[in-house]
Amino acid sequence: MLIVMQNTATKSEIEAVCQAIQSLGFEAHKMPGAQRTAVCVTGNDGSVSERHFAGLTGIRQIIRVSKPYKLTSNEIKTTPTVVEIGQVKFGDGQSGLIAGPACVESSKMTLTIADQLAQMGVRVFRASAFRSRTNPYNFQGLGQQALSILADAKQQYGMAIVTEVTDDRQLPQLLAVADALIVDSHNMQHFALLKQLGKLDKPIILKRGIAATVEDFLMAAEYIMAGGNQQVILCDAGTQHFGDHSAHALDITFMLALRKLTHLPIIFDPSFASGTAYMVPAMCRALMALGADGLMVECHHDPAHTQAGGTQAILPQNLQQVLSTFTRN
């Protein structure tokens with residue numbers, strides 16, 4: 001249920017609606033808009049009778065929400081959400097670029113690529129201190145040491161830092177450095193982690209699981225938003241397929257379906273999807289032409305000698321082709 005308030009509704013009238021919802025044992029989520037505030041009801045198994053709000057003033061309309069996901073739905077919020085990472089905006093016609101290596105492997109490597117990207121105008125730098133890997137013997141990041149290196153990169157080059165979170169116990173360390181956190185596709189349905197991320201005031205980039213449906217994806221985002229964190233960016237990095245020409249299949253119709261259903265910004269990770277560097281620049285151009293709200297691209301100055309993502313990381317000079325495809329905000 002969505003309770004739309006009149007544009008003249010006072011704070012006390014809005015609060016009275018929230019208290020009425022909470023008295024029923026449900027949760028109230030205030031959703032301020034340009035013209036008026038709406039209050040979304042969650043936690044109810046079935047429909048909620050309108051009679052519970054009959055005596056309250058300031059209510060303009062009560063709308064039934066048909067989708068199982070509420071806060072992520074266009075039925076709840078009709079205007080596109082814009083999420084900022086540092087000074088870069090994602091959503092509502094504003095497209096941002098996130099670039100950097102898969103992992104922090106050393107101080108020299110990280111600062112070298114950060115320097116090159118900063119000179120090219122990249123303002124959001126990605127590199128993981130902790131990393132999800134399907135193979136337990138693969139390199140999984142330097143942990144706290146990596147965060148110290150990312151802090152140095154942030155201070156020297158003024159870029160916002162985006163890094164992966166794999167466990168809620170990492171959050172105190174990560175929050176001291178990161179401007180946004182990535183939930184990898186392997187953890188899209190790590191619900192205990194998503195609940196903790198919902199308590200943060202920090203942008204979350206949620207990657208689609210490699211077998212996730214549209215509803216699976218939006219329900220995972222719902223976990224974060226239900227906790228109170230509205231700063232969610234959806235990232236499609238492809239799904240499993242039967243071919244051997246790329247790591248994953250990137251279905252462009254998936255974004256079109258998402259766009260119809262949600263107000264959240266939608267970005268893509270063509271590096272993870274392709275698994276092959278030569279495909280990435282062309283994929284970026286196609287995705288931007290399709291109307292993506294941003295890109296997250298793996299970039300490394302020496303991909304032949306990296307411990308993670310070498311085959312899919314493009315060189316900085318190739319990233320220049322990507323930069324020319326859209327106007328950065």
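Axes here are lines fitted to C-alpha atoms, for helices over the stretch in contact, and angles run from 0 to 180 degrees between N-to-C directions. We're working on a predicted model, where local features need pLDDT of at least 70, side-chain atom pairs count only at pLDDT 80 or more, and totals for chains, interfaces and linings use all residues. Residues are numbered from 1 along each chain as its sequence is written, and side-chain values use heavy atoms, with hydrogens and water left out.

**Exercise 1: an open sheet and its helix**

Work out the strand order of the open four-stranded sheet, then place helix α1 on it.

Solution. Helices (H or I, at least four residues) and strands (E, at least two) are DSSP runs, numbered from the N terminus.
Step 1. Two strands pair if DSSP finds at least two bridges between them. That gives the order β2-β3-β1-β4, with antiparallel pairing.
Step 2. Look at the ends: β2 (27-32) and β4 (59-63) are the edge strands, and each has a single partner strand, so one side of each lacks a neighbour in the sheet. From one strand to the next, the twist averages 20 degrees.
Step 3. Zoom in on β2 and β3 (residues 37-42): six bridges join this antiparallel pair, with alanine 28 opposite valine 41 in β3.
Step 4. Now add α1 (residues 11-23). This helix lies across β1 (2-5), β2, β3 and β4 and runs at about 150 degrees to β2; contact means heavy atoms within 4.5 Å.

**Exercise 2: an enclosed strand**

Explain why β12 (residues 232-236) counts as largely enclosed, and find its neighbours.

Solution. Step 1. Buried means under 20% relative accessible area, exposed over 50%, and partly exposed in between (1.4 Å probe, protein chains only). Five of the five residues of β12 are buried, so the rest of the structure largely encloses this strand.
Step 2. Sort the side chains. In a regular strand they alternate between the two faces of the sheet. Here Val232, Leu234 and Asp236 point one way, while Ile233 and Cys235 point the other way.
Step 3. Find the partners. β11 (residues 204-207) runs parallel to β12 and is joined to it by four bridges, with leucine 206 opposite leucine 234. β13 also pairs with β12 in the parallel sense, over three bridges, and cysteine 235 has isoleucine 267 of β13 as its bridge partner.
Step 4. Trace the connection: β11, helix α6 (residues 214-226) and β12 form a right-handed β-α-β unit. Right-handed means that, with the strands pointing away from the viewer, the path from the first strand over the helix to the second runs clockwise.

**Exercise 3: the buried side of α9**

Identify the buried residues of α9 (residues 280-290) and what covers them.

Solution. Step 1. The buried set is Val280, Pro281, Met283, Cys284, Leu287 and Met288. They span an arc of only 160 degrees around the axis, so they sit on the same side of α9; the arc is that of the directions from the helix axis to the C-beta atoms.
Step 2. The cover includes β13 (266-268), α8 (270-274), β14 (294-298) and α10 (316-323).
Step 3. Just past the helix comes glycine 291, with a positive phi near 105 degrees.

**Exercise 4: a buried serine**

Find which backbone oxygens lie by the side chain of serine 274.

Solution. Step 1. Serine 274 sits in helix α8 and is buried, at 1% relative accessible area.
Step 2. A polar atom of its side chain lies 2.9 Å from the backbone oxygen of proline 270 and 3.1 Å from that of threonine 276.

Terms used: Polar contact = N/O pair within 3.5 Å; in protein donor to acceptor, adjacent residues only side chain to side chain.
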